[in-house]
Amino acid sequence: GSIQARRWARALLLIFSWTCLVVGVFMLIGMAFVMPKMLATMTATATANQPAAPTGAIFGVMVFMCVFYAVFFVVVPAIWVFFYNSRDVKATCEARDSVTRWTDACPLPVLALCLWLLFSVPMLLLTPLIAHGVVPFFGMFLSGAPGSLICLLFAVVWAYAAWLVYHLKSEGWWLILLVMVLSMVSGFMTFAHHDMLEMYRLMGYPQAQIDQIQKTGLLTGNFMPWLMSLSVVPVLGYLLFIKRYFRGRA
């Protein structure tokens, strides 16, 4: 589609590029925070029977991972964003593909939100199969049939919200905002009293794998409540950014 200068291809690739770029930046920030702690943990948990790898080798692997993610999740997407966001590329696609496409029905920032919502639907439908339907729910974990029903409900809500947003209906924007705020409150209440290790046990993770995660110390204590709270901030900011597209619409 891009080679043939299709309008829909430019729109989808621009959304994909922006998504990769933003996710890549947050991944690098997270890696910069997590990797030093992992290095310290690996060194501290070494034993005579299982000595830790040389510090230099571990540091080299971490640097390689950071460079890899920086290139493929930041530099390359940034190049794509620069290219597909060009006025010349946009004009070329509109000239060579004069037919109105489905990607033209709403502004690209709104279309991006629709696609993110639709992408989450199959993930939610798979949660009962791959994670025993475990979900945080206002101070506790639901699993099995109750958790699966919550996942199904979320899938229906996100699909319906995507349809409303695609048609620029303000009800969709408010629905997403309400669900995001409730999810943030639910997650914060749950992880303020429980940790991710308990959730992993309910999801059926092997105890040996849980022990390895526990050694890192990253998913215990108050780390998760703060992480969940901070992770919602960019989403809420994005919702406020696209709110102007829904003004005066029913």
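Modeller: A helix here is a DSSP run of H or I with at least four residues, a strand is a run of E with at least two, and both are numbered from the N terminus. In this predicted model, the secondary structure of the chain comes to 9 helices and 2 strands, and from the N terminus on its elements run α-α-α-α-β-β-α-α-α-α-α.

Colleague: What makes 33% of the 250 residues of the chain count as buried?

Modeller: A residue is called buried if its relative accessible area is under 20%, and 33% of the 250 residues fall on that side of the cut-off. Thr103, in the loop between α3 (87-96) and α4, is one clear example, because its value of 3% is under 20%. Leaving out residues up to four places away in sequence, Thr103 touches Arg7, Trp8, Ala11, Leu12 and Leu111.

Colleague: Why is Met189 called partly exposed?

Modeller: Met189 has a relative accessible area of 36%, and since partly exposed covers the values between 20% and 50%, the term fits. The residue lies in helix α6, and beyond its neighbours within four places in sequence it is in contact with Phe138 and Gly139. Its C-alpha atom is 8.1 Å from that of Phe137, although 52 residues separate the two along the chain. Met27, in helix α1 (residues 7-44), is also partly exposed, because its 27% lies between the two cut-offs. The C-alpha atom of Met27 stands 9.2 Å from that of Cys66, which is 39 residues away along the chain.

Colleague: What is unusual to look for in the phi of Phe138, and is the residue buried or partly exposed?

Modeller: Phi of Phe138 is near 45°, a positive value in a residue other than glycine. Phe138 is found in the loop between β1 (135-137) and β2 (140-142), and at 37% relative accessibility it is partly exposed, because this value falls between 20% and 50%. Leu168 also has a positive phi, of about 60°, without being a glycine. That residue sits in the loop between α5 and α6, but its relative accessibility of 9% is under 20%, and therefore Leu168 is buried.

Colleague: How do you know which residues touch the most other members of the largest nonpolar core?

Modeller: Membership requires a buried residue of a nonpolar kind, joined to others through side-chain atoms within 4.5 Å, and among the 25 residues that qualify in the largest core, Trp158 and Ile176 touch the most other members. The elements that give two or more residues to this core are α4 (108-130), α5 (144-166), α6 (170-191) and α9 (223-242), with α4 giving the most, 8 residues. Outside its neighbours within four places in sequence, Ile176 is in contact with Leu113, Leu117, Trp158, Ala161, Val165 and Leu239. Another core, of 11 residues, lies apart from the largest one and includes Ala131, Phe141, Met196 and Leu197. In soluble globular proteins, nonpolar side chains tend to be buried together.

Colleague: What makes α5 and α6 partners in a contact?

Modeller: A contact needs heavy atoms within 4.5 Å, and residues of both helices meet, among them Phe154, Trp158 and Val165 in α5 and Trp173, Ile176 and Met180 in α6. The residues of this contact divide into 12 nonpolar, 2 polar and 1 charged. The axes of α5 and α6 come within 8 Å and cross at roughly 145°.

Colleague: Why is the aromatic pair of Phe83 and Tyr84 called edge-to-face?

Modeller: Two conditions have to be checked in turn, the distance and then the angle. The ring centres of Phe83 and Tyr84 are 4.9 Å apart, and that is within 6.5 Å, so the rings count as a pair. The planes stand at 85° to each other, and because this is over 60 degrees, the pair is edge-to-face. The structure holds 13 aromatic pairs, and Phe64, Phe68, Tyr69, Phe72 and Phe73 form one aromatic cluster.

Colleague: Which of Phe83 and Tyr84 is buried, and which is partly exposed?

Modeller: Tyr84 is buried, because its 11% is under 20%, whereas Phe83 is partly exposed, because its 44% lies between 20% and 50%.

Methods. Residues are numbered from 1 along each chain as its sequence is written. This is a predicted model: local features need pLDDT of at least 70, side-chain atom pairs count only at pLDDT 80 or more; totals for chains, interfaces and linings use all residues. Side-chain values use heavy atoms; hydrogens and water are left out. Buried means under 20% relative accessible area, exposed over 50%, partly exposed in between (1.4 Å probe, protein chains only). Axes are lines fitted to C-alpha atoms, for helices over the stretch in contact, and angles run from 0 to 180 degrees between N-to-C directions. Ala, Val, Leu, Ile, Met, Phe, Trp, Tyr, Cys and Pro count as nonpolar, Asp, Glu, Lys and Arg as charged, and the others, Gly among them, as polar. Rings of Phe, Tyr and Trp (its six-membered ring) pair if their centres lie within 6.5 Å; planes under 30 degrees apart count as stacked, over 60 as edge-to-face and the rest as tilted.
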